[in-house]
Amino acid sequence: GTTPRSGCRRSSTQRSSMFLARSVNLARPVARRAVAARRFAGHDAAEAAAEMETWKKYSAAAVAVTGTFGLYIGYIETQHLAHPHEHEKLPYTHLKIRNKPYPWKCPDCNLLDSKCWAECKAALAAK
């Protein structure tokens, strides 16, 4: 029968012994059927082998198409990176808002802005 689960909690030992009993009970019929292979799709061995060969061909074709597409994208990206790009910084007013100076030697430079640091150090050395 069904019992409400609200008040009864089983210990981990009880749960593991119940799990072990269930798995042993489930394994008994499987052991008897292990001799005869199960064919869920209703194929015999020859049809299953033919179907497997068909899917091997589909998989090989998918790998070939994916590899070719990957090589094409790689070629396009290589061609794109081959010519120089000039990235000039546009003087947007919102890019360098400073409410208070940074706490290092060059208070107007971002931490990883090497160009600004070089200019600041050159200006400090010129003083």
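**Helices, burial and surface of a predicted model**

Colleague: Which residues of helix α3 are buried?

Modeller: In this predicted model, a residue counts as buried when its relative accessible area is under 20%. In α3, the residues that meet this criterion are C116, W117 and C120.

Colleague: Over what arc around the axis of α3 are these residues spread?

Modeller: The buried residues of α3 are C116, W117 and C120. They lie on the same side of the helix, because the arc they cover around the axis is only 100 degrees.

Colleague: Which exposed residues does the face of α3 turned away from the buried side carry?

Modeller: To count as exposed, a residue needs a relative accessible area over 50%. On the face of α3 turned away from its buried side, the exposed residues are S114, K115, A125 and A126.

Colleague: What distance does α3 reach from its first C-alpha to its last?

Modeller: Helix α3 covers residues 114-126, which is 13 residues. At 1.5 Å a residue, a span of 18 Å is expected. The model is close to this expectation, with a reach of 18 Å.

Colleague: In what order do the elements of the protein run from the N terminus on?

Modeller: The protein contains three helices and zero strands. The order from the N terminus on is therefore written with helices alone: α-α-α.

Colleague: In which helix is confidence highest?

Modeller: Across the protein the pLDDT averages 80, and 76% of the residues score at least 70. Confidence is lowest in helix α1 (residues 12-33), where the mean is 65. The highest mean, 94, belongs to α2.

Colleague: Is I73 buried, partly exposed or exposed?

Modeller: I73 has its place in helix α2, residues 45-82. Together with F69, Y72, Y75 and I76, I73 forms a nonpolar patch on the surface, with about 530 Å² of accessible area. Its own relative accessible area is 36%, which lies between the cut-offs of 20% and 50%, so I73 is partly exposed.

Colleague: How far apart in space are N110 and K96, C-alpha to C-alpha?

Modeller: N110 is located in the loop between α2 and α3, and is partly exposed, with a relative accessible area of 33%. In sequence, N110 and K96 are 14 residues apart. Their separation in space, C-alpha to C-alpha, is 9.2 Å.

Colleague: What percentage of the residues of the protein count as buried?

Modeller: The accessible surface of the protein comes to about 12,100 Å², and carbon and sulfur atoms account for 62% of it. Of the 127 residues, the share that counts as buried is 4%.

Terms used:
Residues are numbered from 1 along each chain as its sequence is written. This is a predicted model: local features need pLDDT of at least 70, side-chain atom pairs count only at pLDDT 80 or more; totals for chains, interfaces and linings use all residues. Side-chain values use heavy atoms; hydrogens and water are left out. Patches are made of residues with over 30% relative accessible area and no salt bridge: like charges are joined within 9 Å, nonpolar side chains (Val, Leu, Ile, Met, Phe, Trp, Tyr) within 5 Å. Accessible areas come from the Shrake-Rupley method with a 1.4 Å probe; for residues, only the protein chains shown count as cover. A salt bridge is a side-chain nitrogen of Lys or Arg within 4 Å of a carboxyl oxygen of Asp or Glu. Helices (H or I, at least four residues) and strands (E, at least two) are DSSP runs, numbered from the N terminus. Buried means under 20% relative accessible area, exposed over 50%, partly exposed in between (1.4 Å probe, protein chains only). The expected span of a helix is 1.5 Å times one less than its number of residues. The arc is that of the directions from the helix axis to the C-beta atoms. pLDDT is the predictor's confidence in each residue, from 0 to 100.
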